[in-house]
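Here are my notes for you, written as a set of numbered points. Keep the structure open beside you and find each residue as you read.

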Amino acid sequence: MNITQKIADAIRTVYPAESCGLYTEEPETGFAKPCFVIAPIKGGAQPYPGERLLLEEQFAVRYYPSEMGPYAECGQAAQTLFGLLGALPGVRATAMSWEVTEGTLHLTAVFSHFVRTAREVEPMDTLNQTQGVKA
């Protein structure tokens, strides 16, 4: 499951490409504002009965606003992101928080979802059985 792509798709429903950039890798030469940068920062797995695995992945979503009114714009973007990221298809956000530092919104979200683990089963050897009748 590509959570980075799901986050990008959700952001694009409100912030079209014509008005806001979106990066899934840190740009090397800079970027045009306003824009979002999505990055996975931490993950973990916990086994569950029934050959299931609970995957938890933490993501950072940074929003670099346009030059005018960055704090108000960041607050509005945070509220919008809370609504968008809380309802991604096939995955749920179990924790989200945000803060604005140096005019940039830093939102972190932890997503949890189950996956099935395929256990390799060794087939049994062939069993030959003969049966007879006593006379």
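1. Let's begin in the sheet. Ile-38 stands opposite Val-61 in strand 3. Phe-36 also has its partner in strand 3, and that partner is Tyr-63. These two pairs are a good way into the pairing of strand 2, residues 35–48, with strand 3, residues 52–64: the two strands are antiparallel and share 13 bridges. Please bear in mind as you look that this is a predicted model.

2. Now follow the chain from strand 2 into strand 3. How many residues lie between the two strands of this hairpin? There are 3, and in the turn you will find Gly-50, whose phi is positive, at about 80 degrees.

3. Strand 3 has another partner to look for. Strand 5, residues 104–116, runs antiparallel to strand 3 and is joined to it by 12 bridges. To see one of these pairs, pick out Arg-62: its bridge partner in strand 5 is His-106.

4. Strand 2 pairs with strand 1 too. Do strand 1, residues 21–23, and strand 2 run parallel or antiparallel? They run parallel, with 3 bridges joining them. Tyr-23 is a handy landmark here, as it stands opposite Val-37 in strand 2.

5. How sure is the predictor? The protein has an average pLDDT of 87, and 98% of its residues score at least 70. Helix 1, residues 3–12, has the highest confidence, with a mean of 93, whereas helix 2, residues 70–85, has the lowest, with a mean of 90.

6. Helix 2 deserves a careful look. Its 16 residues reach 21 Å from the first C-alpha to the last, close to the 22 Å expected at 1.5 Å a residue. Which of its residues are buried? They are Cys-74, Gly-75, Ala-77, Ala-78, Thr-80, Leu-81, Leu-84 and Leu-85. As you step through that list, one general point helps: an α-helix has 3.6 residues a turn, so residues three or four places apart point the same way. The cover over the buried residues of helix 2 includes helix 1, strand 2, strand 3, strand 4 (92–101) and strand 5.

7. Take Thr-80 as one example from helix 2. Why does Thr-80 count as buried? Its relative accessible area is 18%, and buried means under 20%. A polar atom of the Thr-80 side chain lies 3.0 Å from the backbone oxygen of Gln-76. Setting aside residues up to four places away in sequence, Thr-80 touches Val-14 and Tyr-15.

8. Leu-84 is another member of helix 2, and at 17% relative accessibility Leu-84 is buried as well. Leaving out residues up to four places away in sequence, Leu-84 touches Ala-10, Ile-11, Thr-13 and Val-14. For a distance to try yourself, go from Leu-84 to Ser-19: they are 65 residues apart along the chain, and their C-alpha atoms are separated by 18 Å.

9. Next, the cysteines. How many disulfides does a search of the whole structure find? It finds 0. For Cys-35, the reason is distance: its closest cysteine sulfur is that of Cys-20, 6.5 Å away, which is too far for a bond. Cys-74 is in no disulfide either, since the nearest cysteine sulfur, that of Cys-35, is 11 Å away. Both residues are hidden from the surface: Cys-35 is buried at 0% relative accessible area, and Cys-74 is buried at 0%.

10. Cys-74 turns up again when you look at strand 5, where Thr-104 is found. Beyond its neighbours within four places in sequence, Thr-104 is in contact with Arg-62, Tyr-63, Tyr-64, Pro-65, Cys-74 and Glu-99. Thr-104 is buried, at 10% relative accessibility.

11. Finish with Met-96, in strand 4. Is Met-96 buried or partly exposed? Met-96 is partly exposed, with a relative accessible area of 26%. Apart from neighbours within four places in sequence, Met-96 is in contact with Phe-82, Leu-85, Gly-86, Thr-108 and Ala-109. Measuring from C-alpha to C-alpha, you will find Met-96 and Ala-60 9.9 Å apart in space, with their positions 36 residues apart in sequence.

Methods
Residues are numbered from 1 along each chain as its sequence is written. Side-chain values use heavy atoms; hydrogens and water are left out. Two strands pair if DSSP finds at least two bridges between them. Helices (H or I, at least four residues) and strands (E, at least two) are DSSP runs, numbered from the N terminus. pLDDT is the predictor's confidence in each residue, from 0 to 100. A disulfide is a pair of cysteine sulfur atoms within 2.5 Å. Buried means under 20% relative accessible area, exposed over 50%, partly exposed in between (1.4 Å probe, protein chains only). Contact means heavy atoms within 4.5 Å. A polar contact is a pair of N or O atoms within 3.5 Å; within protein, one must be able to donate a hydrogen and the other to accept it, and residues adjacent in sequence count only if both atoms are side-chain atoms. The expected span of a helix is 1.5 Å times one less than its number of residues.
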